[in-house]
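This report goes through one protein chain by topic, from its cysteines to its open and closed spaces, its nonpolar cores and two loop residues. Please look over the sequence and the structure before reading on.

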Amino acid sequence: MSSQPDRHALRRELREQRRTLPASVRIAAAETLADRLLSLPFLPASGHVAGYWAMDGEIGLHAFQLRLPPSLTYCLPMLHADGTLRFASWKAGESLVTNRYGIPEPDVDSNDSFAPRDMAMIVLPLVGFDAQGHRLGMGGGWYDRSFGFRQTQATPPWLVGAAFDAQRLPAIATEAWDVRLDAVCSERATYTAEGNT
């Protein structure tokens with residue numbers, strides 16, 4: 001029996017759960033998340049760091065973006081015609097366009113943006129996660145396709161999930177194409193292969 005129906009039901013349940021969190025909880029969680037992300041032992045000293053535009057109840061990255069050191073350039077993901085993501089630098093107030101999923105992207109040609117291998121660290125959105133670094137995404141496979149090379153190469157970019165701790169699951173069944181995360185940060189803990197902090 002396929003695990004897909006279970007994944008679809010789980011996605012619906014977890015998305016609804018995060019959407020119901022009060023605004024005060026979301027704001028406080030985003031601040032604490034920024035602390036955790038900026039305290040990662042592998043936070044790059046320089047280069048390009050990607051986040052995401054929070055939608056559908058996702059935990060926000062605005063505090064993280066505003067507190068990045070000047071040696072790091074904040075980027076947002078963009079859909080590319082080859083079915084993978086590219087990344088373009090973006091600062092608050094700069095132009096955005098909406099992609100086919102209704103997600104804002106920097107208003108630049110995706111051919112003029114950074115390839116996944118060019119990035120130093122990626123902070124990924126997720127629907128669910130477990131403490132072992134497995135991620136349940138929206139189901140489109142964009143991040144897994146973009147970072148598939150990480151399945152055989154333990155090289156940067158570092159991949160870090162961001163979520164509310166309420167999205168944590170005991171375990172997530174993995175598929176052959178799933179790319180494991182180096183860490184997941186929530187408002188309550190940082191989960192890494194070496195142990196939680």
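## Cysteines

Cys 185 is buried, with a relative accessible area of 0%. Cys 75 is buried as well, and its relative accessible area is also 0%. The model is a predicted one.

How many disulfides are there? The count comes to zero. A disulfide needs two cysteine sulfur atoms within 2.5 Å. The cysteine sulfur closest to that of Cys 185 belongs to Cys 75 and lies 19 Å away, which is too far for a bond. Seen from Cys 75, the closest cysteine sulfur is that of Cys 185, again at 19 Å and too far for a bond.

## The closed cavity

The model has one cavity of 30 Å³ or more. The largest cavity has a volume of about 100 Å³. Rolling a probe the size of a water molecule over the atoms is what shows where such empty space is left.

Which residues line the largest cavity? The lining is made up of Leu 124, His 134, Arg 135, Tyr 143, Asp 144, Phe 147, Leu 159, Thr 174, Asp 178, Val 179, Arg 180 and Leu 181. By class, six of the lining residues are nonpolar, two are polar and four are charged.

## The largest pocket

The largest pocket holds about 840 Å³ of space. Its lining consists of 34 residues, and those nearest the centre of the pocket are Arg 135, Met 138, Gly 139, Gly 140 and Trp 142. Four elements give two or more residues to this lining: helix H1 (4-19), strand S2 (72-79), strand S5 (104-106) and helix H4 (142-146).

Which element gives the most to the lining of the largest pocket? H1 does, with six residues. The lining of this pocket divides into 17 nonpolar, seven polar and ten charged residues. Arg 135 appears in both linings: that of the largest cavity and that of the largest pocket.

## Nonpolar cores

The largest nonpolar core has 45 residues, among which Leu 37, Phe 64 and Ile 122 touch the most other members. S2 supplies the largest share of this core, five residues. A second core, separate from the largest, has five residues, including Leu 14, Val 127, Leu 136 and Leu 169.

What does Phe 64 touch, if residues up to four places away in sequence are not counted? Its contacts are Ala 34, Leu 37, Leu 38, Val 49, Tyr 74, Met 121 and Val 123. Leu 37 is thus named twice, as a contact of Phe 64 and as one of the core residues that touch the most other members.

## Two loop residues

Gly 137 sits in the loop between strand S8 (135-136) and H4. Is Gly 137 buried or exposed? Gly 137 is buried, with a relative accessible area of 11%. Leu 126 is eleven residues from Gly 137 along the chain, yet the C-alpha atoms of the two are separated by 4.8 Å. Beyond its neighbours within four places in sequence, Gly 137 is in contact with Arg 11 and Val 127. Val 127 is also a member of the second core.

Asp 56 is in the loop between strand S1 (47-50) and helix H3 (62-67). Asp 56 is partly exposed, with a relative accessible area of 27%. Most residues other than glycine have a negative phi. Phi of Asp 56, however, is positive, near 55°.

Key: Residues numbered from 1 in each chain as written. Predicted model: local features only at pLDDT ≥ 70, side-chain atom pairs only at ≥ 80, totals over all residues. Heavy atoms only, no water. Buried < 20%, exposed > 50% of the residue type's maximum accessible area, 1.4 Å probe, protein only. 1 Å grid on protein atoms, 1.4 Å probe; cavity = no way out; pocket = protein on both sides within 12 Å on 5 of 7 lines; lining within 4 Å. Points joined across faces, edges and corners; volume = space filled by probe spheres on them. Nonpolar A, V, L, I, M, F, W, Y, C, P; charged D, E, K, R; others polar. Core = buried A, V, L, I, M, F, W, Y, C linked by side-chain atoms within 4.5 Å. Contact = heavy atoms within 4.5 Å.
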